[in-house]
Amino acid sequence: MTDPHTHDPHTARLTEAFERTLAADERVEPRDWMPDAYRATLIRQIAQHAHSEIIGMQPEANWITRAPSLRRKAILIAKVQDEAGHGLYLYGAAETLGVARADLLDALHEGRQRYSSIFNYPTLTWADVGAIGWLVDGAAITNQVPLCRCSYGPYARAMVRVCKEESFHQRQGYELLLALARGTDAQRAMAQDAIDRWWWPSLMMFGPPDAESPHTRQSMAWKIKRHSNDELRQRFVDICVPQAESLGLTLPDPALRWNEERGHYDHGPIDWAEFKAVLRGAGPCNEQRLEQRRRAHAEGAWVREAAAAHADKQRERRAEQEVVAV
Ligand code: FAQ
């Protein structure tokens, strides 16, 4: 199940201890031995997740200056700041695996690591802020609640806090859409248009179908992932259908219908060619998102330098005080 080089008795003992931890549903902690491939998988997934959180600030931040009221603006600023915070927890969790945050950011900026496909779509109207909250945060929670039981302790613990905040985000999106749905015809049409554009990309957030997901089997065996991509996607569809009905808006899929036998909603085919194109960098906003991220990083250089200089000064002062105390 894990490392191939278990002929070495020392590694074999370590591997057994690792597998016992997994079998007992206990957490693997940074100090524990773990197979290289398990570490690499976690770094890949946590880094991608962290990058998604900070790139994910952009589509909604686009509407901060144009929010329709002070209340909506304050909520949106707080939400976008929460996403930055999630990025910080996640980069922190990745660092416990022995990688440096600066290297992960370089990998993002150079296109060597991914971020979620969903953030390569534009936010064309105010209703998109509601659709992102309801659908994108909703999909994120569906995916992340099981990650609270991920076998790697720091990631699982970060997810507990992230999920609490995401559930506020999801509710604010739903409440925003409800206000539009109960508004004028034009507001209702704007909400419907946003749902029409965000529904299918939200389903793609869960990743490729199980049959084409190279990592799921191993990640589930390692209890990093607790459910497959398709299982979580189905769970999300089942949650959204009645919520759309309560909003009085429709999901843009004529094939959506309750399947009594399966106890789930059936849905129409997902356009995986579009998903692959977005992953290749050919989505509507890929270039813009990365360009904006690189620019923000470059413009923030003086803040990082100032913070490092401040930390050095504090360290020197503490060292001087220790010398005086001796
Ligand atoms: N986009 O074998 P699998 C959020 C890649 S947070 C881009 O199935 P895995 C909060 C995958 O990396 C949203 N790439 O992979 C928020 C792999 O590529 P590689 C982010 C994708 O890892 C809300 C390849 O395809 N959430 O939204 C995508 O077992 C609002 C094969 O795929 C997370 O990251 C995709 N959608 O399963 C923020 C959650 N799907 O490395 C702001 C944690 C797959 O082989 C505003 N991550 N790929 O080149 C996970 O649960 C998993 O990594 C999956 C993918 C489920 C995303």
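This passage describes a ligand site in a predicted model, then a loop and a helix beside it, and finally two residues with an uncommon label in the backbone: a positive phi. The account starts with the surroundings of the ligand.

Around the ligand there are 35 residues, and those that come nearest are Gln48, Ser213, His215, Lys225 and Asn229. Sorted by class, this shell holds 13 nonpolar residues, 13 polar residues and nine charged ones. Several helices take part: H2 (36–55), H4 (70–95), H6 (127–144), H7 (153–181) and H11 (272–282) each supply at least two residues of the shell. The biggest share comes from H2, which gives six residues.

Three pairs of atoms show how the ligand meets the protein. An oxygen atom of the ligand lies 2.8 Å from an N or O atom in the side chain of Asn229. Another pair involves the backbone of Pro214, where an N or O atom is 3.3 Å from an oxygen atom of the ligand. In the third pair, a nitrogen atom of the ligand sits 3.5 Å from an N or O atom in the side chain of Gln45. On its own, the ligand has 1,100 Å² of accessible area, and the protein covers 91% of that area.

Gln45 deserves a second look. This residue is found in helix H2, and it counts as buried because its relative accessibility is 15%, under the 20% cut-off. Besides its pairing with the ligand, the side chain of Gln45 makes a polar contact of 3.3 Å with the side chain of Tyr155. Leaving aside residues up to four places away in sequence, Gln45 touches Leu147, Tyr155, Ile224 and Lys225. One of these, Lys225, is also among the residues that come nearest to the ligand.

Ile224, another partner of Gln45, has its place in the loop between helix H9 (216–221) and helix H10 (229–247). With a relative accessible area of 0%, Ile224 is buried. Which residues does Ile224 touch, not counting those up to four places away in sequence? They are Tyr38, Thr41, Leu42, Gln45, Leu147, Cys150, Ser151 and Ser219. Tyr38 shows how the fold brings together parts of the chain: Ile224 and Tyr38 are 186 residues apart in sequence, yet their C-alpha atoms are 8.9 Å apart in space.

The helix that follows this loop is H10. H10 has 19 residues, which at 1.5 Å a residue should span 27 Å, and its end C-alpha atoms are indeed 27 Å apart, so the two values agree. Many positions in H10 are buried, including Asn229, Leu232, Arg233, Phe236, Val237, Cys240, Val241, Ala244 and Leu247. An α-helix has 3.6 residues a turn, so residues three or four places apart point the same way. The cover over the buried residues of H10 includes H6, H7, helix H8 (185–204), H9, strand S2 (264–266) and H11. Just after H10, Gly248 takes a positive phi of about 75°.

Two residues other than glycine also have a positive phi. For Asp25, phi is near 60°; this residue lies in the loop between helix H1 (9–23) and H2, and its relative accessible area of 39% makes it partly exposed. Lys223 likewise has a phi near 60°. Lys223 is found in the loop between H9 and H10, where it counts as partly exposed at 22% relative accessibility. Ile224, in that loop too, is buried.

Terms used. Residues are numbered from 1 along each chain as its sequence is written. This is a predicted model: local features need pLDDT of at least 70, side-chain atom pairs count only at pLDDT 80 or more; totals for chains, interfaces and linings use all residues. Side-chain values use heavy atoms; hydrogens and water are left out. A residue is near a molecule or strand if one of its heavy atoms lies within 4 Å of it. A polar contact is a pair of N or O atoms within 3.5 Å; within protein, one must be able to donate a hydrogen and the other to accept it, and residues adjacent in sequence count only if both atoms are side-chain atoms. Accessible areas come from the Shrake-Rupley method with a 1.4 Å probe; for residues, only the protein chains shown count as cover. Helices (H or I, at least four residues) and strands (E, at least two) are DSSP runs, numbered from the N terminus. Ala, Val, Leu, Ile, Met, Phe, Trp, Tyr, Cys and Pro count as nonpolar, Asp, Glu, Lys and Arg as charged, and the others, Gly among them, as polar. Buried means under 20% relative accessible area, exposed over 50%, partly exposed in between (1.4 Å probe, protein chains only). Contact means heavy atoms within 4.5 Å. The expected span of a helix is 1.5 Å times one less than its number of residues.
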